[in-house]
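Got the viewer open? Let's walk through this one stop by stop, selecting as we go.

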Amino acid sequence: MIYPSRLAIWAASLGAPAALLLSVVAPARWSLALLWPLAVGLLVLIDALLGAARATLALDWPECLPVGVARDAWVTLKLRGGLAPAAEIALGLRGVAEFPEDNRVRVPLEAGAVRVAIPVVPRRRGLLVAARVWARWRGPLGLVWHQRVLRAEAKARVLPDLEGVRLQAAQIFQRHALLGLIAQIDRGDGSEFDTLVDFHPGMDRRRIDWKHSARHVKLHAKEYRAERNSQILFLIDAGRQMSEPVAGLPRIDRAVQASLLTAWVALKLGDRVAIEAFDAAPRLTSGFVAGPGAFAELQLVAAEIDYSGAESNYTFALTTLAKRLTRRSIIVLFTEFTDLAAADFLVRAVARLVEAHLLMVVVLRDEELETIATSAPDTADDVTRAVTAGGLLRDRELVITRLKHLGVQVIESEHDRVGERLVAAYADLKRRGRL
């Protein structure tokens, strides 16, 4: 495809006032005004011939992309012939992603060829398709654009950021010495009987086994360890409110990454893990799995959690879950509530669930509302927004207080620390043997 550049259009349009001026000053020589468009047209033709080249486009598109993380898509452009000094390359995608410089990259050409990386940041899980690749270059006079289009239809699956999960998990293990915690949990702490040991000064006297001590004529104490094979279930609210973005990523993706991080730690510590999602009704479940090798199965289930515009039905989801669980479990609920009416259904459903299970509710701090409520107002509209934001925050605090009075452990965290805080809460429960 060949079409004129902006410079050619401006050059052609300047001929109109010149022709009008010539017709006023010298009416008998108005025909000389025709020389301007002819000259511009001749220059455009020369530029088109000088810049003409056979173009070859190739796209190196990854098969998988982590959500919220920049990855490079490589485009190769080769020109045979022509005198083009530079080119512009752009991608056309079907999906939610971000690009630099308005999806356009300007690159210089060396010997008529270039290989350029275009960073792509997926903002939602699912399928991201590179439908087309555009490349265009101007002739040496800058009057004509030459354009080529590659219909690629290359597909990439956008998955949770597993690399970030592994990196954060390694940092948490190193920071909190969880590898040492495993040994500490295995023996000397917890509620499951492990073995008999000689009693030493400083040990808890309540752990003395008097029958064995009388039999061996020596004090023996019971040593316990934390119960393994506990059940931890991550219940992710995939409703309308959880689809809203926080710092560029939907709340669902923040919840998925935090749940995968904690699930990886729980599998390492010998517990059984499951991931479920719901909106107006329960949508999917992984079932309980055990062992570090089962983490891949949890990854696939987490990647299938879709974004929904429906309202969350807490009563349906939690009642169905309570009927299906046959033993005491720790349930981690990721959700978001902004109005008291919906939160009231959550509180009522939770009140029945905490009788048999240990429940943790994880919500992300609404930093936007906090900023609006604490900012100094300049206009009457700012006052209105601040009052409204303050009311929403008070309603939110009221719901959190009601949940805590029911015995629910509530984690309200920043979006970038939710995984770390959840792992710390889980390790604390594990250490105290409350699972």
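Start in the middle of things: select Phe-234, Leu-260 and Phe-334, which touch the most other members of the 44-residue largest nonpolar core. Keep in mind that this is a predicted model.

Now color the elements that feed this core. Those giving two or more residues are α4, β13 (231–237), α7 (251–268), β16 (272–278), α8 (295–303), β19 (330–334), β20 (358–364) and α13 (418–432). Helix α7 makes the largest contribution, with ten residues. As background, nonpolar side chains in soluble globular proteins tend to be buried together.

Zoom in on Phe-334 and show what is around it. Leaving aside residues up to four places away in sequence, Phe-334 touches a crowd that includes Phe-234, Ile-236, Met-242, Ala-255, Val-362 and Leu-422. Its contacts also include Asp-237 and Ser-259. There is a second, separate core to pick out too: it has 29 residues, among them Ala-53, Val-75, Ala-87 and Leu-249.

Next, go to Leu-162, in helix α4 (residues 162–176). Is Leu-162 buried or exposed? Its relative accessible area is 15%, under the 20% cut-off, so Leu-162 counts as buried. Show its contacts and, beyond residues up to four places away in sequence, you'll find Leu-260 and Gln-299. Leu-260 is one of the core residues you selected at the start. Draw a distance between the C-alpha atoms of Leu-162 and Leu-260: they are 8.2 Å apart, although their positions lie 98 residues apart along the chain.

Time for a helix. Select α3, residues 35–51: its 17 residues reach 24 Å from first C-alpha to last, close to the 24 Å expected at 1.5 Å a residue. Which residues of α3 are buried? Light up Val-40, Asp-47, Ala-48 and Gly-51. They sit on the same side of α3 because they cover an arc of only 100° around the axis. Switch on α1 (6–13), β9 (126–138) and β10 (144–159), which are among what covers these buried residues. Then spin to the face turned away from the buried side, where the exposed residues Leu-35, Leu-38, Leu-42 and Leu-49 are found.

Last stop: charged pairs. The model has 17 salt bridges in total, and three are worth selecting one by one.

- **Asp-60 and Arg-115.** The closest N and O atoms of this salt bridge are 3.7 Å apart. Asp-60 is in strand β2 (residues 54–60) and Arg-115 in strand β8 (residues 113–122), 55 residues apart. Both ends are partly exposed: Asp-60 has a relative accessible area of 41%, and Arg-115 comes in at 46%.
- **Glu-88 and Arg-136.** Here the closest N and O atoms are 3.0 Å apart. The salt bridge links strand β5 (residues 86–94), home of Glu-88, with Arg-136 in strand β9, 48 residues apart. Glu-88 and Arg-136 are each buried.
- **Glu-276 and Arg-324.** This salt bridge is 2.4 Å, N to O. Glu-276 lies in strand β16 and Arg-324 in helix α9 (residues 314–324), so the pair ties together parts 48 residues apart in sequence. Glu-276 is buried at 8% relative accessible area, whereas Arg-324 is partly exposed at 41%.

To finish, select Arg-251, Glu-336, Asp-366, Arg-396 and Glu-412 together: salt bridges that share partners join them into one network.

Technical notes:
Residues numbered from 1 in each chain as written. Predicted model: local features only at pLDDT ≥ 70, side-chain atom pairs only at ≥ 80, totals over all residues. Heavy atoms only, no water. Helix = DSSP H or I, 4+ residues; strand = E, 2+ residues; numbered from the N terminus. Buried < 20%, exposed > 50% of the residue type's maximum accessible area, 1.4 Å probe, protein only. Contact = heavy atoms within 4.5 Å. Expected span 1.5 Å × (residues − 1). Arc of directions from axis to C-beta. Core = buried A, V, L, I, M, F, W, Y, C linked by side-chain atoms within 4.5 Å. Salt bridge = Lys/Arg side-chain N within 4 Å of Asp/Glu carboxyl O.
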